[in-house]
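Let's look at how some structural labels are earned. Each reply sets a value against its cut-off.

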Amino acid sequence: MKKCILAIETSCDETSAAVLVDDRTLLSNIVSSQINVHSHYGGVMPEIASRLHAEQITLVLERALRESNLDYSKLSAVAVTAGPGLIGALHVGLQAAKAIAIAYQIPLIAVHHIAGHIYANHFLGAMEYPALAVVVSGGHTELVYMPHELEFQIVGRTQDDAIGEAYDKVARVLGLPYPGGPEIDRLAHQGVPSYVLPSPKTDHPLNVSYSGLKTAVVNLVHNAEQRGESLRVADVCASFQKRAVDMIVDRLLKALERYPVQQIVVAGGVAANSYLRESLPRRVREVAPHIEVAIPPFWCCTDNAAMIAVLASRMYDLGHFAPLDQGADPDWSIEDFLPQPKE
Ligand code: KG4
Ligand code: ZN
């Protein structure tokens, strides 16, 4: 009997379910996005997100099982994102997963959303350790050192906004639709980085800060409005994108001096960014050509249950199961995800 994992992801604005057999054979990965609804509000409305998850979850599960040509009785375990994320949204997935675990008498696996983003790279092949994960998502921006599999140490982080959040806020002030990342990325190709934007100082050499950069763009827009001048929007996008991405890549290169690693893995929605995908591997190659760089394929950069399933599959092998009173933790730190070895 093959190992067969059903995974559920509902931490933000995508309702997703996936079925994975063995370590990386994906039989289905259904993603029902709420973006069209939230875009009317310019960002994710948590209460609306919970309600839409509650409406969609059973349909998404049904489709995931149907596409995989399996029924619930064939499952070895059910995995679910238990945090971080929106509390109400997380609970919808968690309750569905618990109901399946009870009904089919299979283990429950509680997965950390950001660790899932990191393990999306498993679809490219096994990861090599020690590794350094560059987490660039809508809610998180972190450099995570992984001495061994499933060990996570945050060695650098944003002091304020996440990079994806900064993209979304800058897009909003420029009058671009939500989510702003893909739109800024697209426009940046039509412009040149001709606006001078700040590169904020941070408390720690491996930290980043996006709030100052975001405010600088907001001020640029407001000043232009007051003077009745029009901005070259594509150039603003190119300037912001260059600063935002260069900042995290600069910190990554600095981190490599302290943490000699075998592999760098990129993780999170901003891993879909074209400039990051081109510049990060190039700059790493210039200073450390021996280090492997992995970037997840486009289809698993933003939220999906396949990445939760691929990590859960490793957790299943190692016996990392959750109790049926498992809670959702909106602020779960990746360092508290699994028991970490003592120093
Ligand atoms: O990882 P994710 O789905 O959300 C969290 O787990 O937080 O990432 C969503 C973020 C959004 O902020 C979105 O604007 C950004 O990823 N994003 C991008 C691109 N595609 C998505 N940012 C920059 N360039 C892109 N091409
Ligand atoms: Zn995410």
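Q: What makes the link between glycine 164 and ligand 1 a polar contact?
A: A backbone N or O atom of glycine 164 lies 3.1 Å from an oxygen atom of ligand 1. A polar contact is a pair of N or O atoms within 3.5 Å, so this pair qualifies. Taken alone, ligand 1 exposes 560 Å², and the protein buries 89% of that (Shrake-Rupley method, 1.4 Å probe).

A word on the basis: this is a predicted model, where local features need pLDDT of at least 70, side-chain atom pairs count only at pLDDT 80 or more, and totals for chains, interfaces and linings use all residues. Residues are numbered from 1 along each chain as its sequence is written, chains are lettered from A and ligands numbered from 1 in the order in which they are written, and side-chain values use heavy atoms, leaving out hydrogens and water.

Q: Why is histidine 113 called buried?
A: Buried means under 20% relative accessible area (1.4 Å probe, protein chains only). Histidine 113 has 6%, so the label fits. Histidine 117, at 2%, is buried too.

Q: What makes His113, His117 and Asp303 donors of the zinc ion (ligand 2)?
A: Donors are N, O and S atoms within 2.8 Å of the metal (3.2 Å for Na, K and Ca); water is not among the atoms, so sites may look incomplete. NE2 of His113, NE2 of His117 and OD of Asp303 coordinate the zinc ion at 2.0 to 2.1 Å, so they qualify.

Q: Why does ligand 1 lie between domain 1 and domain 2?
A: Both domain 1 (4-118 + 300-336) and domain 2 (127-295) give residues to its shell. The bounds come from an automatic or database domain assignment.

Technical notes:
A polar contact is a pair of N or O atoms within 3.5 Å; within protein, one must be able to donate a hydrogen and the other to accept it, and residues adjacent in sequence count only if both atoms are side-chain atoms. Buried means under 20% relative accessible area, exposed over 50%, partly exposed in between (1.4 Å probe, protein chains only).
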